[in-house]
Structures are given as C-alpha cells and as structure tokens.
Amino acid sequence: MKKWLSGAVLSLIFFLGASQSVYAESDWYIPDWVTELSEKINDMMKMYSNLMTGQFLKVAMDYYIVQNIDEVYAPLYDVFGKTYLFTPQLASIELVYDGWSLFSVVGLMLIIIAVLYLSMKVIHGKTEMKKLLVTFVVAMVLVYYSLNIMNFCNVGVNWVTQKVLADMLATTNINYQGLDGQQVLKALIIGSDAITNPSIASKSAGKLIADQPGGVFMLMVVTWCMIFPLYLISVFKVLLLIVLAVFVAFWITTAAFTGKTEIMVGFLNIYIRTLLVGFILALHWGAFVKAQASYGSGVGLSALTGIMPTLMAVGSGVFLQLFLVFFWLLPIYRSFKQPLTLNGGAVVEKAGDVGEKLSTVMNYMGKRFGSEELQSKSLRWKKKSKQMADLGRRMQEQSSDFFRDYALSQASGGVTEALQQVQYDVPELEVQPTGTMTQVMMKPTEFGFQQLATPEVRNMLSTQGFAAASSMSIASGQRGTVSAWVQQVQQAGSELGKQISWDAQTGKLHVTGGEESLRSVVKAMDEFQVAPEQVAAGMMKEGLFVNLKSKQVESVGQDEQTYQAGLKELKQSELLLTKMKFTPEEAAEGHRLLQLHREQHPWIEQAVFKSGALWIPQANYAEALRIFESLRQREVMRLDMPDGSRFLHDLMHVVRRDPDLSAAVTEDIQGNYVDVRSDAVGAFRKRYEEFTKARTPFWRTSSGAIKIILDGVPVDYGHVPPMGLDMGSFEALQRQTLRKQSAGKEAIT
C-alpha cells in the first residue's frame, strides 16, 4: 500500500512538472497553489541533489572562507589607502619630529663646539685646519635642514607619482587621489570596474576576487602571493623612512667627526631606494588598473595573450616582490649589518664596477661606429670608475685608527707621526694603461705662423698686444743656479724681476723689455758662469711666446690655464696654423690630398708642408679633417699619469723635442693622461722613465710648503727642486701612508 502511494505521488509530481513545461504559455487552467507546490518541490529536489553531490557543502565553505578573508582584509585597508600609492610627509608625523629634534640638538651642540675650536686654530695660523672647518660648517647646515630636505624629497616623489598616474589613468575615469584602501586593493585585482561599476563596487574585496575564474583558490593565491606581501612591503617602507628621518642627524654628525663620507653615501643609498619603492608600487598599480580597462576593450597585452589580467597581476606582483628583494631588501640588510657606516664603501665600489662595465660597452660602440669622441669619453669614464671602485675598497678596509691618526697628525703638525715612526714611501711612477681607441688622426698640440715672414708675424702680434721678448734655453745642470738667481731678483722687487719668467722644469727663461733687459740677463748669466744653450727672439703676452725664428707658439711658465686662455684668443686669428699629428709619410700624403681639393677650398693655399710636417690654418681645421678621412686609422692607447701628479706639462716639453714621438702623442693636461699611437708606446715609456728617474719627486702642502721624502721622512725643502717632479698634494700622500699603516696594524693583530 505504501509503495503504491509513493508511486502515485511521484507520478503526480512528474505529471505536474511535465504539464507545466508543455503548457507554459497557457497555464490559465492550472491553479496557483499547484504552481507554488511545484516550485517548492523543485527547490526540495535541488537541495536534495546539492546535498547528495556536495555542492551545498562547497557553497557553505566558500561563503565561510570569503567572510573570514574579508575580516582579515579589513585591518589592511588603512595602509593601502594612506601609504601604498603615496609616501606620507615625514615632517607631519609627531613621532618623527620629536625624535629628529632630540638627535639634532645633540648633534648641533657637538658640531658647534668643533666649529669654535677649529676656528680658533685657523685664526692662530693653522691653515691646514680650514678644510676641516668647512666640513663641520657644512655638516651643521645639513643637520639643521635635514628633515626639511627629506620632506621636500618625499613631496617631490609624490608629485612625480601623481603626474605619472594622471597620464596612465586618463581614460579610466578613476580619481586615484580619493580612493580608500579597499578600492585601491580591488582596482589592482579587478580594474576600474571595481570602482566605477556600482554592481561590482558594492561587493567586498574577498567576494569580488572569489567571483573571478578560479573561485576560492584564486582568492587564496591572491591573498598569500600578492596582498599580504605588498601590505608588509608598504608598512616596512614607511617604518624605514621614519627610522631614517629620526636618526639622520646622528649619521651626519658621525660622518663629520670620523671623516667617513661613506656614511652619507650609505644613507642616501637606502633613502633613495626606499623612495623609489613607493614610486614603483604606484607605477605597478596604475599599470594593471589600465591593463584591466584595456582588456575589457579587447586591447592590450592581456587581450593579446589571452591571460586574464587577474592572473597577470598576480604573476607581476610576485615578480615585483622578487625585484624588490634584490633592489631594496638585500641592500638594506647589508647596510644595517654595519649601522655606523651603512655599507657606504660597498655602494661606492659597486658603482665604480658598474661604471667600468658600462664604459667598456661605450668604448666598443665608439669603435664600432667610428666615433672618436665617444671612445675618448668612455676611457675617461673608465678611469673615473676605476678610481671610484678603488676608493670604495679603501673605505671598507680602513679602520677608525686611520681617522684618529690623521686627525692627530693634522693637529700636532706631524709630531705624532714621528712618535709612531711612520715611514713614507715614494709611490710607483709607472703609467697605467686605461684602454685603447681607434683614431683617424691625433689631435694637434703645436701652433705657429709658418706661412708668414718674420716682419709680418711681428707686426700682426704687435696689434694684438704682444711685446718684444727673448727666450733662453738653460742646460739641466745649470738650472739650479738660475732658479736661485731668479728667486733673488724677484724677491728684491726690481724692474728686471718683473720682466723675467722662469720655468725650471723645461729650462726656459723668457725676458721682456727689449735689448737692455736681455743684456742685463746675459751679464748676470756670465757672472754665474751660465751659458744659455740657445737664445731666440720673439713676441710674448700672458703665457704665450711666439718664436720669430721657428714661428711656433710656446708656453711661458707653468700656468697651463693661462697658456690655454691665451692660445684660445690667438686661435681666433685666421693666420694661425696648426701642425697635424702626422708621420713624415702621412704628412706628404695629407699634402697630396689637399692639392686635389684646392679649387673647392681656397684656404689650402695657406697650408705649409715643410721638413716632413704639415701645417694647416687653425680656422679650417674641421674642414681639413674631412679631407683627411681617407688616411688610415690608428690604434691609440691611453696612458694615465700617477694619481694626483702634475708633471705632465713638463713631460710634454721633453717629448716635443723628438718630432717623431711628438707626432705620436696627444696630451690632456686637465685629464692627466696621454693618447699614444700603439707603435710608439714603447718609445714613450722609455722617454717617460728617463724623465722621472732624472728628477726628484716633491709634494705641495695645502699651505704651499714643498716636501720631499728623505729616508722615509717628509722634509720641508723650502722651494721647488731644480729638477723636481710635481707629485701633487702632500695631504693625499699623508692619507695614503697612514691608511697603509692602519692596515698593517690590523694584519698584525
């Protein structure tokens, strides 16, 4: 009986359902209660089916997970809303201002005491303390304005971020400046629809992500792989900026008292990287908000590849985190392992190494495209980068003993060095090759008026302010005697002392004032039994002497800047010729090429080919280069003089005595290097060794005293040695020596 009733009920249900579907358009004859009963029965069957298949349990679990995830997200929204896209202004945070004020007051008090002490020392004649005094004054200013400077940088980065986001999101109708944390988060995952579409914007972040393909699994992936890590990065970014702002005065003060400039390098390295992290996070957010909008329109990378923007956002978020680990977190870890120096030495060394690699690439490109200027710049960059890398390594190796010893030596005038028995060694005088470059021609360094007769040269120079003068060449063995005589005459303040210019390195004595002055000098030379090797008549003006016999321009004295300034003015004359850096064979070939272009270039008539040398008008030098392009290219090696040395100008006076070697060498006095044709490197090295071995190295102190090294001790020589070799700053040698001593002490201990 029961089985019969169950079958009847099921049959009725089946009949009602079938009849409703068949007569859906004409249900007027079916009572409402039957329709309602049918719907309830359908719901019961669907629930029964969901229970049997597990769908009901899945929906319940999904709902439970989404609800809990939304609760977890809630505390994160403030961070995403306030600090994810823009960096907060540090000066407006009370904790930062109070902490910064405490350390600034202490730092300023210490620096002011140091400034007063050093000022008294400088007033009492300790001029070597002046540079240290300037350092402390700069430190005082930096401490006082440090928070304002950092706040200005924050505002600047925020301004750049605002401009970039405005351009990126111009078509998305999003007001990114008024977004709360949940909107920032939803826009990153879903796009602009999460803000502009009301039906989507009303959903919670967890629900919105779970509704995407992948469901709850995608929600968990986004949460653990993207949202939580980006939240932690944003929080750590702000906390780190707060720490840097509070302790900035401490690091500036420490750098001033220890002399460790790497402290500020390390600080700037961390601070700049942290500011850039905020900009990179905002840039990533804007890029994927735009990508979502482009995807809906069927354009952009996501639409092209078929990868959903949500998946692409997660993948890029993971990549972004890996990038920040190497770009930001690892450098911070290395810096705070050395909290006093912030690993600034390693930063300098790394920058130098990167610069060397980039300069090598630039040099290759210069050779590949035939650009001499690019090759030359790459070699200068390589030299500077190598010096930077070496400086970074020294920063990491030097100990606090070095700074103590150097400060005590400065304060005591070298007495502490004597007590410690510090030994000074003369540095290696070897030239160092920086690299090679390919040149069509060497740059000219000799100028003259070979096309003019002597009276013409004299008249032309007279109109430009040149006066009659004479030049004497003194043998190397007699230069000491002449140096003593010149010093005596000039100190006496006589008229003759004002009319003579003496260069002890080259042995050139120039005399103005006409025949009477020349006779006075010759008479004095006779009294001292000095016989000039050569006497030449000429015209002289402010660092320049034009030999009327050879008609070439020479420098007067040791002031290279005055010579270059005078030469620049003289180059404006259309009659000045420049001597091409050619071998005799190349000069003959160049002269032949010029004759082929005489009709197109009238200035070629002024070119002079004489004694294996080719002279062309300086004003037409650029045009001549284009004509000479067919001449063979040369491999050139750049050789750097010893660091800090200042004898290149004197060396080139000796090199120019050999016409063949002079044609193969081009110098850069300011850069302190020479470019030597590869086939002449051996000859140049030989001449260089002869030059340095025959001279006495000397150094100048900041106060102008001359020092030489005797038996490992710096001795005040009183004046420049007659055959001296200018090695530059004595303070640089002193630092190098004390640094070696400190390293030696550490090795022993």
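Here are a few exercises on the aromatic rings of this model, each with a worked solution.

The model is predicted, so local features need pLDDT of at least 70 and side-chain atom pairs count only at pLDDT 80 or more, while totals for chains, interfaces and linings use all residues. Numbering runs from 1 along each chain as its sequence is written, and side-chain values use heavy atoms, with hydrogens and water left out.

**Exercise 1.** Classify the ring pair Y144 and Y145.

*Solution.* Start with the rule: rings of Phe, Tyr and Trp (its six-membered ring) pair if their centres lie within 6.5 Å; planes under 30 degrees apart are stacked, over 60 edge-to-face, the rest tilted. Here the centres are 4.9 Å apart with 85° between the planes, so call this one edge-to-face. The structure holds 16 aromatic pairs.

**Exercise 2.** Do the same for F647 and Y688, then say where each sits.

*Solution.* With 6.2 Å centre to centre and 40° between the planes, this pair is tilted. F647 is in the loop between β12 (634-640) and α26 (648-655), and Y688 is in helix α28 (residues 681-693), 41 residues apart. Helices (H or I, at least four residues) and strands (E, at least two) are DSSP runs, numbered from the N terminus.

**Exercise 3.** Are F647 and Y688 buried or exposed?

*Solution.* Buried means under 20% relative accessible area, exposed over 50%, partly exposed in between (1.4 Å probe, protein chains only). F647 comes in at 1% and Y688 at 3%, so both count as buried. By contrast, Y144 is exposed at 52% and Y145 partly exposed at 42%.
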